[in-house]
Structure formats: structure tokens, C-alpha cells
Amino acid sequence: MNVYYNTYKNSNCIFCGACANVCSNVVVDLCGFNQKLKILNMDICKKCVNKRCLKVCPNSKFEVLNKKEYVGNIKSIYYSFSKNQIVNLGRSSGGFIYEFSKYIMENNIIDGIISIRHVNALDYETHLYNDIDDLKRMPTSVYHTIDFSGALKILKNNCEKKFMIIGLPCHIKSIVNTLKLTEYKYLEDRVKIFLGIICGYTFNRNNLKIVFDKNKIRLSDIKEIKYRGNGNGRINEIRFKNKEKFVVSREKKFFNSFFSDQCLVNNSCLYCNNHLGRECDIVVGDGWDNKENINGVNLIIIRKSEFEDMIKDNGSLFFKKAQFSNIIRSQSKKYALGNLSRSLLKNKIDRKIIKFNDWYVMKIIPKLLFNGNIFLSEILFVFFKVGFFIKKILNKIIIR
Ligand SMILES: Cc1cc2nc3c(=O)[nH]c(=O)nc-3n(C[C@H](O)[C@H](O)[C@H](O)COP(=O)(O)OP(=O)(O)OC[C@H]3O[C@@H](n4cnc5c(N)ncnc54)[C@H](O)[C@@H]3O)c2cc1C
Ligand code: SF4
Ligand code: SF4
């Protein structure tokens with residue numbers, strides 16, 4: 001078994017690139033609307049005894065975890081946001097990541113920050129931010145798949161320095177696995193802080209293509225997509241090279257009402273049991289239930305006590321203690337307690353139905369929509385919803 005059959009063929013690959021970092025026989029092809037994992041020579045895999053690709057893969061298997069295991073170790077929880085309105089408005093939620101990054105660089109707690117930067121249209125790469133001015137160019141939340149393999153390369157090329165790495169829980173897990181389980185162990189103490197992002201899902205690039213085709217948007221015309229910002233968490237802005245913009249509400253117009261987030265996402269995200277980033281030192285998300293700042297509030301989970309003072313010392317941030325119940329209210333039990341993945345993993349029948357739905361929703365219904373038959377597609381949407389309802393009942397019967 002290799003990652004190709006175990007993870008990619010089971011639609012669990014998130015294209016983090018960790019496997020390609022430890023084996024030159026694996027290639028991650030993530031570009032434009034393309035997301036593929038390739039094995040250059042399957043014969044090499046058949047003879048391989050190390051299976052390093054599987055060891056580092058964050059999604060090689062999704063286990064059913066109880067709620068305590070799922071949530072992981074939590075030292076404290078806070079609401080926070082930047083007191084600077086320009087930062088607050090310009091960032092995805094409250095601007096915590098920018099303010100915290102600036103603080104730890106100014107105070108020489110680390111030498112640089114490994115995160116992502118925009119390259120072209122949908123494509124991003126990992127980047128070393130070692131200058132405070134450069135931090136202003138850190139992108140806001142990117143909701144489609146990203147190759148994170150460059151983070152290890154940055155660590156290898158700067159092995160005498162100390163870093164904070166910012167990424168999604170699966171990105172962080174892929175780095176933690178690589179540093180713990182491979183010859184790169186010598187780099188382990190170079191990472192002083194793993195900062196994770198609470199993550200409900202990322203969009204599958206193939207699925208995005210369907211939506212873009214529907215709206216007659218060509219990849220070659222796109223400069224970048226801004227999924228968040230300007231104090232509104234649910235607005236997408238497609239910026240074109242000719243400086244025009246296409247601004248849409250995520251659930252409504254763009255995805256034709258039934259294109260809910262759950263249909264566009266990577267299959268792995270439906271089964272993911274790590275939305276709260278157990279391997280991270282600090283985890284940052286949205287404090288949706290806190291209304292103290294209409295422009296956006298962050299919810300911060302601190303997993304190790306040593307980071308508590310470091311965070312609260314920062315005068316540019318507002319802080320207020322929060323409880324675990326606030327995570328549930330902000331994220332729903334689906335992500336806060338892992339209820340979605342637990343129920344899907346417990347019922348193998350779900351996997352088959354979800355796969356069927358993937359195909360059904362993403363290929364058939366949009367085709368009907370492309371032909372402009374909105375009425376028919378809305379009927380199919382109702383049919384789809386009823387299907388999900390029946391599936392829910394079936395699952396309950398099968399669990400018992
Ligand atoms: C794919 C995705 C799903 C999310 N789902 C949820 C959710 O369900 N619930 C919730 O509470 N919050 C979620 N968030 C987090 C939320 O959108 C904000 O990123 C977070 O609250 C930090 O807020 P901020 O204002 O400090 O962000 P920003 O200042 O905008 O900083 C975010 C930083 O994270 C890094 N980053 C952004 N996107 C990616 C990416 N795709 N891969 C790696 N690094 C990235 C960049 O360094 C960026 O500067 C999600 C974020 C992403 C990217
Ligand atoms: S390590 Fe990452 S890229 Fe490789 S198979 Fe696993 S999830 Fe996919
Ligand atoms: S939901 Fe899980 S698998 Fe999907 S992108 Fe987020 S952390 Fe990765």
C-alpha cells in the first residue's frame with residue numbers, strides 16, 4: 001500500500017505534499033483547477049519497505065475518536081481582535097494572526113514565519129516572512145487546496161533559525177509527522193510555535209471549476225480570489241487581471257443556492273477529525289458568537305501554558321476569556337466536537353452515499369444548470385435534500 005491507493009484513491013488526499021517531500025517517486029500536481037497525486041513508477045512502490053509516504057501523510061487514516069480525544073489538550077480559550085481597525089477590517093476574522101506574528105517578530109521570539117503567499121490566480125506557495133513589512137502581504141484565508149510541501153524546504157535551508165509555522169490542521173500535522181518520524185528530526189526544535197487555523201473544510205479545485213464554468217469565468221482572467229475580508233466573512237470577491245471584480249455571497253448567487261459549502265469541499269474534509277488542530281500550540285478561528293466587534297472576532301485556543309503570557313502581553317489586541325461552550329456555539333458540534341466525521345466514520349454506508357452524492361451533485365445537476373434549466377435543477381435540489389433526509393434516517397436505523 002502507498003499513499004496513492006490508501007489516501008488519494010480513497011479521496012482523502014488534501015495535497016499537502018508531505019509524501020512528495022519524503023519520496024521522489026510521488027508528485028503532487030496542484031495547479032489552477034487541477035488537483036492530482038501521481039506515482040512515477042509503481043514498481044518502485046511495490047518493492048518499497050519503508051512506506052515513509054504513509055507515515056507522514058496526515059490523512060492516511062481517519063479514526064473514530066471520542067470527544068475528549070478529538071478536542072485534545074486545551075489550556076485556555078480567548079476571544080481576541082486587533083484594536084487597529086484597518087488591520088481588523090482587512091483580515092479574515094479579527095486580525096489576530098497578523099498582530100501576533102508582528103509581536104513575536106518584534107520581540108525576537110522567532111526569526112521568521114513560515115506561511116503561504118499568493119503566486120498566480122488560484123495558486124499559492126509556502127513562503128518565509130522574515131521582515132515585519134512583508135507581513136502585510138500575508139494573504140487572508142484561502143479556502144481551496146494548497147501544497148504546503150515548501151515549509152519543510154524552508155526549514156532545511158535555514159536550519160540554524162527559529163520559526164513559527166502557520167497552516168491548516170492537516171498542514172501542521174504533516175509537518176509534525178515529518179519532523180517526528182523521518183530523518184528530518186534534527187529540525188524539530190527549529191519550530192517554536194505551530195499556529196493552526198480552525199478549519200471546517202477546503203474546496204476541491206475540480207469542483208470550483210464547475211462553479212467558475214457556470215459563471216463563465218476563465219482561469220486565465222483571474223488575478224486572485226478573496227474569500228474573506230472587509231468585515232464580512234461570507235463574501236467572495238474574484239479579482240480579475242483587468243481590475244474588474246465579481247463580488248458574490250457564498251451560499252446564494254455564486255453557488256446557485258444549493259451549492260452549499262459541503263458539496264464543494266474535498267471529500268477528506270467531511271471525514272476529517274482534526275478541525276481544531278490537536279498538534280498545534282495555538283489555534284485561531286472565528287468567534288462567531290461574540291458580537292463585541294461587528295468587523296470580526298477571533299476565537300483563540302491555547303494548548304500549552306507557555307504561550308498564554310506571550311499572547312496576553314500583546315497591547316495591540318483585545319482579549320476576553322471564553323469557554324468551551326463558545327467554541328461549540330461558534331463552530332457547531334460538527335467541527336467543535338467532530339460530530340460530522342464521527343457519524344460518517346461509524347457508518348460505512350455514509351461513505352458510499354456521500355460518494356454517490358459527490359458525483360450526482362457535482363456532475364449531473366450543474367450540467368443541467370449550464371443549460372439554463374433552473375427550474376429543473378431546483379426540483380433536483382429538493383430531491384437531493386430529501387435524499388439526505390432519508391440517508392439520515394437510514395443511518396439512525398443502522399447504528400442501532
Ligand atoms: C480553509 C479554511 C477554513 C476555515 N474554516 C474555519 C472554520 O470552520 N471555523 C473557524 O472558526 N475558522 C475557520 N477558518 C479560519 C478563519 O477564516 C481565519 O483564518 C482565522 O480566524 C484567522 O483570522 P485572522 O483574521 O487572524 O486571519 P488572517 O489575517 O486573514 O490570516 C490567516 C492566515 O492564515 C494563513 N492561511 C490562510 N489560508 C491558508 C491555507 N489555506 N493554508 C495555509 N495557511 C493559510 C495565512 O498565513 C494567512 O495570513 C478557516 C480558514 C481557512 C483558511
Ligand atoms: S501526504 Fe498529503 S499529499 Fe500525500 S497523500 Fe497524504 S494528504 Fe495527499
Ligand atoms: S477539514 Fe481537515 S482535512 Fe480538510 S483542509 Fe481542514 S484540516 Fe485539512
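**A colleague's note on the predicted model and its three ligand shells**

1. A good place to start is ligand 1: by class, its shell holds 16 nonpolar, 15 polar and three charged residues. Here Ala, Val, Leu, Ile, Met, Phe, Trp, Tyr, Cys and Pro count as nonpolar, Asp, Glu, Lys and Arg as charged, and the others, Gly among them, as polar. Please keep in mind that this is a predicted model, where local features need pLDDT of at least 70, side-chain atom pairs count only at pLDDT 80 or more, and totals for chains, interfaces and linings use all residues. Residues are numbered from 1 along each chain as its sequence is written, while chains are lettered from A and ligands numbered from 1 in the order in which they are written.

2. Ligand 1 is surrounded by 34 residues, and R91, S92, I97, G200 and G285 are the closest. A residue is near a molecule if its C-beta atom, placed from the backbone, lies within 6 Å of it. At least two shell residues each come from α7 (96–106), β4 (112–120), β6 (163–167), β11 (282–286) and α15 (324–336). Helices (H or I, at least four residues) and strands (E, at least two) are DSSP runs, numbered from the N terminus.

3. You may like to follow β4 a little further. It runs parallel to β6, with three bridges joining them, and I113 has M164 in β6 as its bridge partner. Strand β5 (residues 123–129) is antiparallel to β4, through seven bridges; there, H118 stands opposite Y124. Strands pair if DSSP finds at least two bridges between them. The β4 and β5 hairpin has two residues between the strands, and A121 takes a positive phi near 45 degrees.

4. Around ligand 2 there are 17 residues, with V3, C13, C16, C19 and C57 coming nearest. Helix α1 (3–8) and helix α2 (18–22) each supply at least two of the shell residues, and α1 gives the most, with three. The shell divides into 13 nonpolar, four polar and no charged residues.

5. For ligand 3, P169, C170, C199, C269 and C272 come nearest among 13 surrounding residues. Two or more of these shell residues come from each of α9 (169–181) and α13 (267–271). By class, the ligand 3 shell has eight nonpolar, five polar and no charged residues.

6. Finally, the whole chain: it has 18 helices and 13 strands. Of its 400 residues, 41% are buried, meaning that 20 or more other C-beta atoms, placed from the backbone, lie within 10 Å of a residue's own. In helix α10 (residues 205–214), the buried residues are R205, N207, L208, I210, V211 and F212. Just after α10, K216 takes a positive phi of about 55 degrees.

Definitions and conventions
Buried ≥ 20, exposed ≤ 12 C-beta atoms within 10 Å, placed from the backbone.
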